[in-house]
Every structure is written in C-alpha cells, then in structure tokens.
Amino acid sequence: MRKMLAAAVSRVLSGVTQKPTSRVLVASCNYSNDAMFAIKKCDLYRLEEGPPVTTVLTREDGLKYYRMMQTVRRMELKADQLYKQKFIRGFCHLCDGQEACSVGLEAGINPSDHVITSYRAHGLCYTRGLSVRSILAELTGRRGGCAKGKGGSMHMYVKNFYGGNGIVGAQGPLGAGIALACKYKGNKEVCLTLYGDGAANQGQIAEAHNMAALWKLPCVFICENNLYGMGTPVERASASTDYYKRGNFIPGLRVDGMDVLGVREATKFVADYCRSGKGPIVMELQTYRYHGHSMSDPGISYRTREEVQNVRKKSDPIMLLKDRMVNSELATVEELKDIDVEVRKEVEDAAQFAMTDPEPPLEELAHHIYCNTPAFEVRGANQWIKFKSLS
C-alpha cells in the first residue's frame, strides 16, 4: 500500500513544472494597487479652504517617490564624502532630510512649469531631470557636469530649472520675473520660487511679493523652513516665524514638509490657485536638514546631536513613506531593499565618473556666455590673452 501511495505521489509531482523562484515570489505578493492616507491639515492664511486632508497613493507613484528620495539622500551623502576627500571644492550645501520637499514639489506640478531656488539645490536638480552623474560631475568641476564643470554646487541648470543662486534671496525677484513671462505668454504655467527661512528676512523677497501681487503673477513663493538660518534658530532671527503669513496681502499656507504626500497635495493646490489667475501665493514647508548649513558647518554647535537623531527617528521623510507603503501592502520590505541596492550602485557609478572625468579645458572658459549668438572674443585676466565665446 505504501509503495502504491509513493508511486502515485511521484507521478503527480513529475507532472508539475517548477516555476522560477522570483516568479513564485511575485505571484505570492498580493500588492495593493493604491491606498488612501490621511495627511496633516495645513495652516491657512487669507484662504477659505486648503488642500485635502486625505489622498490616494498608487503603488507605481509610491515606488517612484521612494526611489527618488533615496537617490537624493545617497547623492548628498556621497557629496559629503567627496568634499571631505577634496574632490569637491568651494561651497557645498546639502539637503539630506529635506527630500520630501523636492520630490513632493515635482509631483505636484507639470514638467513645463518652472522652478528656481537657492544654493541648496541638488535635490531639485535631480527631480527636475538631471542625472546623478551630471550633478556629481558638476560638483567636482568636470566636463560631464550639467554646467560643463563651470557652475559648481550653486549654479546648476536644466530645462525650466533656473538653478541654485549664490546670493541669499536673489532668486525671489528672478522667480517673479519668470512668472511675469508665464503671464505674458498666457501659457498657464507657474513658477515655484524657493528660498530659506533666513532669506525670508531679505528686503528683495518683500519687493518680489509686492510686484507679484500688483501684477497677479502666477508665482508660488515657497519658504523651506528648516528651522535654522545658517546657524541661527528661527526664533532668534525672525520677529514672526509664521513665514506663510509673510506675504501680508498674499494668501498663504503652512505644510508638513517631511511628508511627501502632504507636499504633493499642497503643491497641486497652490499651482491650481496660480493657474486660475488669482495671483501669487506663499507656501511654507516645515522641514529639517541633517547636515549643517554648509560643509564648513558641523551642524551641532547650535543644536544637539539628540535633536537631529530625534528627527531622524520620528519624522524622516523616507522612513515615513516606507512605513506607509509596507503597512498598506503597496510594497514589501525586500522590494524596497532591492531599490536601495540599485540606488547605491547608481550613485557609486556616478561618483566614479565624477572623480575621473577630465576638467574643462581653459580654451572653453568663455563658452556659453550667451545663447544663440555669433562667436566673439572675451578678454581674460591677462589683456593679451583672449578667449572665444561660443554658444
């Protein structure tokens, strides 16, 4: 009897074709296509209603946002390493901790919309479409950089992204000017104009608010409030820390800048507000940077290590998204770990390129001064040496 039973089992098993392990794993994971999440209600100023307090996240978007935030995080950590190894020189301002801002903002606008920001620009460079390779190569001053190695950390550009700007607050009037061009052309495009809490006290920001309100420009003024202007807490630098009310006569809202979904929904709201012809609006993103103000700032002389660790533990934007996706069965821990491995390899490969790509030759020093103009000569530091400028 036992022999007959064993023979029958053997026949059944022999008729079953073995599936590849990976396919079995995918088939066994019953992913949700989407899930609804609650998001923190925004504080409003001169607005009767604000963004929704719930939103739907699809599995596809969740994986995309997770990959983008992890890429920005790894890229900034690699920039820190390259700076300490002296491959990156000069100024370098990192944005790790603020990933939900750049990713959420991009998720809430169209590729044809416009963005201009301060010198803490690397994350927005990536979300606007630059590759990790071109960003790191620009940081190291190589020919493969997005500005041919001549811009560095604070001056990177891509289509509809007008760079980081080294002068504190200078991007405010420039952003209003871009919004003026959008209104003039009548293309229903908007300009996101970002600045920090320290720059919010600049007079030129108030001047830009004034002109944008007078002309009803489609400009979203965005204050990335990471609680410290350089090394000064906001309470010591600002008589009012309600930056979303700083437009005075301009409506505003305050958003949880550590939640990528909250930033996305708020950005959709303010972009629609501007597209409708109502004029400018101010949005404050409450966020946090893990590094110091720049690479010369250790970041712990004016705040404690415990404070930084507490934010990492409770409010890290990547951790928050990961927990949401896993708990709602939009993804598995193993799947997200695979993304981490892929991102780490991409950043490492980009860093290797950034260390080995040649620097731009001296004869290209004057190239790209103007766009689409005939070649002309530019005198260098030595009056007897001239460089040719090519578009």
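This passage walks through the sheet, the helices, the cysteines and the salt bridges of one predicted model.

Because the model is predicted, local features were accepted at a pLDDT of at least 70 and side-chain atom pairs at pLDDT 80 or more, while totals for chains, interfaces and linings use all residues. Residues are numbered from 1 along each chain as its sequence is written, and side-chain values rest on heavy atoms, with hydrogens and water left out.

Strands come first. Strands of a sheet pair through backbone hydrogen bonds, and they can do so in a parallel or an antiparallel way. Here, six strands make up an open sheet, lined up as β2-β9-β10-β6-β5-β4, with mixed pairing. (Strands are DSSP runs of E with at least two residues, helices are runs of H or I with at least four, and both are numbered from the N terminus; two strands pair if DSSP finds at least two bridges between them.) At the edges sit β2 (43-45) and β4 (114-116), each of which pairs on one side only. On average, neighbouring strands of this sheet are turned by 20 degrees against each other, direction ignored. Inside the sheet, β5 (residues 191-196) and β6 (residues 219-225) run in the parallel sense and share six bridges. T193 faces F221 of β6 across this pairing.

Strands β11 (residues 376-379) and β12 pair too, in the antiparallel sense and over four bridges. A hairpin of six residues links β11 to β12, and F376 sits opposite S389 in β12. Strand β12 (residues 386-389) has two faces: F387 and S389 are on the covered one, K386 and K388 on the uncovered one.

Now for the helices. Two packed helices are described by the angle between their axes and the distance between those axes. For α3 (residues 59-84) and α6 (residues 132-139), the axes come within 11 Å and cross at roughly 25 degrees. (Axes are lines fitted to C-alpha atoms, for helices over the stretch in contact, and angles run from 0 to 180 degrees between N-to-C directions.) The two helices α3 and α6 are therefore roughly parallel, given that angles under 35 degrees count as roughly parallel, over 145 as roughly antiparallel, 65 to 115 as roughly perpendicular and the rest as oblique. The crossing of α3 and α6 is right-handed, meaning that the near helix is turned clockwise from the far one by less than a right angle, with anticlockwise giving left-handed.

Helix α4 (residues 99-107) is mostly tucked away, with eight of its nine residues buried. Buried means under 20% relative accessible area, exposed over 50% and partly exposed in between (1.4 Å probe, protein chains only). Among the buried residues of α4 are C101, V103 and L105.

What about disulfides? The whole structure has zero of them, a disulfide being two cysteine sulfur atoms within 2.5 Å. C146, for instance, has its nearest cysteine sulfur, that of C125, 5.9 Å away. C146 itself is partly exposed, at 21% relative accessible area. C191 is buried, at 0%, and its sulfur lies 5.2 Å from the closest cysteine sulfur, in C219, which is too far for a bond.

Last come the charged pairs. Side chains of opposite charge can pair when their charged atoms come close. The structure holds 17 salt bridges, each one a side-chain nitrogen of Lys or Arg within 4 Å of a carboxyl oxygen of Asp or Glu. One of them joins D349 and K345, at 2.9 Å from N to O. These two are four residues apart in helix α13 (residues 333-356), so about one helical turn separates them. D349 is partly exposed at 39%, and K345 is exposed at 54%.

Elsewhere, salt bridges with shared partners join D43, D242, K245 and R254 into one network. Within this network, K245 bridges to D242, with the closest N and O atoms 3.8 Å apart. D242 also meets R254, at 2.9 Å from N to O. Since D242 lies in the loop between α9 (234-237) and β9 (252-256), and R254 in strand β9, this pair ties together parts that are twelve residues apart in sequence. K245 is partly exposed at 34%, D242 is partly exposed at 24%, and R254 counts as buried at 16%.
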